[in-house]
Amino acid sequence: MRLIVPSLLLLVAGCAATPKETARAEADQAQRANKLATRLAGFTPGHPQDCLQNFPGDRSSETIGSTILYVQSPKLIYRNDTTGGCESAEHGDYYVTVSPSGRLCRGDIARTVQPNAGNIPTGSCALGAFVPYTRP
């Protein structure tokens with residue numbers, strides 16, 4: 001018992017983020033928030049929707065941190081703040097979603113896969129509400 005407690009304390013201490021790691025994470029978060037604000041500048045948010053109706057596969061999406069932007073047109077973007085875990089799509093991984101309704105809905109699970117490595121799974125997240133952003 002005497003050896004277990006110090007070992008557990010060392011294990012927990014080894015899992016704590018260093019001040020340098022914390023500062024870097026905060027800087028990354030601030031950079032992503034700035035990038036998202038810049039991307040949505042000039043757009044006005046609308047009322048959140050539970051599902052994204054008929055999102056064509058040939059439209060684009062962008063990932064900024066845990067946020068997915070579904071670009072319908074130059075004047076309409078849907079913002080989805082996921083639960084986190086799909087950030088690897090920001091660096092080129094692909095999203096794979098399966099929806100029983102045939103459309104993307106809040107609560108659907110998205111998985112990310114590495115396309116150049118045989119579609120190895122790299123993460124997963126749950127989709128949030130879809131907020132339309134429009135520009136005149």
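**Briefing: strand pairing and buried residues**

Ile 77 lies in strand β5. In this predicted model, β5 spans residues 76–81 and pairs with β10 in the antiparallel sense. The points below follow Ile 77 and strand β10, then turn to Thr 67 and to an open sheet of 3 strands with the order β6-β8-β9.

**Ile 77**

- The relative accessibility of Ile 77 is 1%, so this residue counts as buried, the limit being under 20%.
- Beyond its neighbours within four places in sequence, Ile 77 is in contact with Arg 39, Leu 40, Phe 43, Leu 69, Tyr 70, Val 71, Val 131, Pro 132 and Tyr 133.
- Among these contacts, Val 131, Pro 132 and Tyr 133 fall within the range of strand β10, residues 130–134.
- Ser 60 is separated from Ile 77 by 17 residues in sequence, and the C-alpha to C-alpha distance between Ile 77 and Ser 60 is 9.8 Å.

**Strand β10 and its partners**

- Strand β10 is largely enclosed by the rest of the structure, because 4 of its 5 residues are buried.
- Five residues long, β10 is joined to strand β5 by 5 bridges in an antiparallel arrangement.
- Within this pairing, Tyr 78 has Pro 132 of β10 as its bridge partner.
- Strand β1, formed by residues 44–45, also pairs with β10 in the antiparallel sense, here over 2 bridges.
- Pro 45 has Tyr 133 of β10 as its bridge partner.
- Pro 132 and Tyr 133 also appear among the contacts of Ile 77.

**Thr 67**

- Thr 67 is located in strand β4, which covers residues 67–73.
- With a relative accessible area of 6%, Thr 67 is buried, because it falls under the 20% limit.
- The side chains of Thr 67 and Asp 81 are joined by a polar contact of 2.7 Å.
- Apart from its neighbours within four places in sequence, Thr 67 is in contact with Leu 36, Glu 62, Arg 79, Asn 80 and Asp 81.
- Of these contacts, Arg 79, Asn 80 and Asp 81 fall within the range of strand β5, residues 76–81.

**The open sheet β6-β8-β9**

- The pairing in this open sheet of 3 strands is antiparallel.
- Its edge strands, each pairing on one side only, are β6 (94–97) and β9 (120–126).
- From one strand to the next, the twist averages 30 degrees.
- Strands β6 and β8 (residues 109–114) run antiparallel and are joined by 4 bridges.
- The bridge partner of Thr 97 in β8 is Ala 110.

Technical notes: Residues are numbered from 1 along each chain as its sequence is written. This is a predicted model: local features need pLDDT of at least 70, side-chain atom pairs count only at pLDDT 80 or more; totals for chains, interfaces and linings use all residues. Side-chain values use heavy atoms; hydrogens and water are left out. Two strands pair if DSSP finds at least two bridges between them. Axes are lines fitted to C-alpha atoms, for helices over the stretch in contact, and angles run from 0 to 180 degrees between N-to-C directions. Buried means under 20% relative accessible area, exposed over 50%, partly exposed in between (1.4 Å probe, protein chains only). A polar contact is a pair of N or O atoms within 3.5 Å; within protein, one must be able to donate a hydrogen and the other to accept it, and residues adjacent in sequence count only if both atoms are side-chain atoms. Contact means heavy atoms within 4.5 Å.
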